Amino acid sequence: MRLSRYFLPVLKENPAEAQIVSHRLMLRAGMIKQSAAGIYSWLPLGLKVLKNIEKIVHEEQEKAGHMAMLMPTIQSADLWRESGRYDDYGEEMLRFKDRHGRDMLFTPTAEELITDIFRGHVNSYKDLPLTMYQIQWKFRDERRPRFGVMRGREFYMKDGYNFDLTKEDALHAYNRHLVSYLRTYERMGLQAIPMRADSGPIGGDDTHEFLVLAETGESEVFYDSAVTDLSFGGRDINFDDVKECQSILEEFTTKYARTDETHDEALFREVPEERRKVARGIEVGQIFYFGTKYSEALGAMVQNVDGKKVPVHMGSHGIGVSRLVGAIIEASHDDKGIIWPEGVTPYHCGIVNLKQGDAEADAACESLYNQLRNAGLEPLYDDRNERAGGKFATMDLIGLPWRLTVGPRGLKNGVIELAGRKTGVSEEMTPEAAIQKVIARYR
Ligand code: 5CA
């Protein structure tokens, strides 16, 4: 992509309405634009990151054996009356009528609809286990939408649902989700700590939230600092292996880590004092096991081995896809701007032409641009007629991990500059060496 043709409405000044750094930087870097309270348009740069996060979520879900599907954003109220949640959900649910006067709603989550699909088609234990998920827009009419995409009213969420014959099988699905979420967040450059939580309007007893520690987080959390030493480390997992998933769950959830809703001061005191931490975190996902709550309410039954009809055991599992864009920025930025982890960066590297219009510099940039693209990467080439300082400031703000800087002076010596956004370290090298180095980072 060439910056001269790109829609990147960067802001020089800090927008007054933004209270936290990720919101500020998303607005300043031209990633989003507010349309109404808690409702945003995703501009080209923001959409790129959102799609990259979505892709990682899809890939990790498929690895865990879960199937992607898509349900509508608009649902009829009938199913929600059957489950009893039409009344329970309260003002967070956006309700309206269609032209025939039927009660409709914008989906805040989809337990009812998926259970309806299930009960219409699955009758036997032989069709279990089954886990399906979608990545779809949700709407919750939050009392206090704030912090940009962190607490939106309209937001993008992965929601997955497992159907199992027994509690034991459903708990394996729960564990499997926990493990796959650890992989998912790690690929985004995040440490997200599973913490025992409260199930809220979803219901059920077993639930963990995944929290990214950040001062600006909305949740107060209590944990044993030893949990921050745990690292998943890209382990390969056999997701069908019940013992393996169980042991990873134990590894990551045995030490004390709880949100304020489930915090137990007496238990917490058993953690050695120097390891007892009280901090804030951003909730980027939550998993639930709620047993037969929805299957009983909606009559989702299967025949078991003995030919008896039994309600299926279920759980649901969410990832805040749009919230993650903000969470990643909270975890990775400096005073100049965003620092994208390589796993989610909107462009793999930037190319800065220090002297646009200089025949040699232009030719060298074009050549870099083409070679990187031919290697399957997406560079963002700043080919605008602007001063170098402005170009650097834009690149720092939008946070691409690598920057190639090309100018007439360096080219005379056969070199360009390769700079890392995170380290700030820059090195001179031949264009070929720089290309190879960038390609190697993404292999
Ligand atoms: N049905 C379950 C699991 S699929 C569910 O809805 N879970 S949830 O309520 O915990 O939402 C899942 C994730 O969506 C949360 O962990 C959070 O990361 C994200 N999320 C929830 N509300 C918002 C919001 N208002 N704005 C942005 N993200 C949100």
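These are my notebook entries on a predicted model, written as I looked up one spot after another.

**Entry: the helix at the start**

I began with helix α1, residues 21-28. I wanted to know how many of its residues are buried. The count is seven of eight, so I noted this helix as mostly covered, with buried meaning under 20% relative accessible area. The buried ones are Val21, Ser22, His23, Leu25, Met26, Leu27 and Arg28. Then I asked what covers them. The cover includes three helices and strands I'd meet again or pass by: β2, α10 (321-331) and α12 (388-398) are among them. Strands β1 (32-36), β17 (333-334) and β18 (337-338) also belong to that cover. Just past the end of α1 I stopped at Gly30, where phi is positive, at about 65°.

**Entry: closed space**

Next I searched for cavities. How many of 30 Å³ or more does the whole structure have? I found one. The largest cavity holds about 50 Å³ of space. Its lining is made of Tyr40, Trp42, Trp137, Val149, Glu154, Phe155 and Ser322. Sorted by class, that gives five nonpolar residues, one polar and one charged. Strand β2 (39-42) and strand β8 (154-164) each put at least two residues into this lining. I had already written down β2 as part of the cover of α1.

**Entry: open space**

After the cavity I turned to pockets. The largest pocket has a volume of about 890 Å³. It is lined by 42 residues, and those closest to its centre are Arg140, Arg151, Glu283, Gln286 and Arg323. The classes in the lining come to 14 nonpolar, 15 polar and 13 charged. Which strand gives the most to this lining? My answer is β13, with seven residues. Strands β8, β13 (276-291) and β16 (313-320) each supply at least two. So β8 goes down twice in my notes, for the lining of the pocket and for the lining of the cavity.

**Entry: two helices crossing**

I then looked at helix α6 (residues 167-187) and helix α7 (residues 242-253). Their axes come within 9 Å and cross at roughly 60°. The crossing is left-handed. On the α6 side I listed His172, Tyr174, Asn175, Arg176, Leu178, Val179 and Leu182. They meet Val242, Cys245, Gln246, Ile248, Leu249, Phe252 and Thr253 of α7. I sorted the residues of this contact into nine nonpolar, four polar and one charged.

**Entry: three single residues**

Ser295 was my pick from helix α9 (residues 293-298). Is Ser295 buried or exposed? I call Ser295 buried because its relative accessible area is 0%. Leaving out residues up to four places away in sequence, Ser295 touches Thr115, Ala300, Pro311, Val312 and Met314.

Tyr86 came next, in helix α4 (residues 85-88). Tyr86 counts as buried because its relative accessibility is 10%. With residues up to four places away in sequence set aside, Tyr86 touches Ala77, Trp80, Arg81, Met93, Arg95, Asp103 and Leu105. I also checked Tyr86 against Gln286, 200 residues apart along the chain: their C-alpha atoms are separated by 22 Å. Gln286 is one of the residues closest to the centre of the largest pocket.

Gln136 sits in strand β7 (residues 130-139). I put Gln136 down as buried because its relative accessible area is 11%. Beyond its neighbours within four places in sequence, Gln136 is in contact with Leu70, Met71, Pro72, Thr73, Phe155, Tyr156 and Met157. Phe155 was already in my notes as part of the cavity lining.

**Entry: backbone oddities**

Last, I went through the backbone. Most residues other than glycine have a negative phi, and most peptide bonds are trans. Where did I find a cis peptide bond? It joins Leu128 and Pro129, with omega about 0°. Pro129 belongs to the loop between α5 (111-121) and β7.

The other entry is Phe147, a residue other than glycine with a positive phi, near 60°. Phe147 is placed in the loop between β7 and β8. Phe147 counts as buried because its relative accessibility is 12%.

Definitions and conventions:
Residues are numbered from 1 along each chain as its sequence is written. This is a predicted model: local features need pLDDT of at least 70, side-chain atom pairs count only at pLDDT 80 or more; totals for chains, interfaces and linings use all residues. Side-chain values use heavy atoms; hydrogens and water are left out. Axes are lines fitted to C-alpha atoms, for helices over the stretch in contact, and angles run from 0 to 180 degrees between N-to-C directions. Helices (H or I, at least four residues) and strands (E, at least two) are DSSP runs, numbered from the N terminus. A crossing is left-handed if the near helix is turned anticlockwise from the far one by less than a right angle, and right-handed if clockwise. Contact means heavy atoms within 4.5 Å. Ala, Val, Leu, Ile, Met, Phe, Trp, Tyr, Cys and Pro count as nonpolar, Asp, Glu, Lys and Arg as charged, and the others, Gly among them, as polar. On a 1 Å grid over the protein atoms alone, a cavity is a set of points where a 1.4 Å probe fits but cannot get out, and a pocket is an open set with protein on both sides within 12 Å along at least five of seven lines; lining residues have an atom within 4 Å of a point. Grid points are joined across faces, edges and corners, and a volume is the space filled by probe spheres set on the points. Buried means under 20% relative accessible area, exposed over 50%, partly exposed in between (1.4 Å probe, protein chains only).
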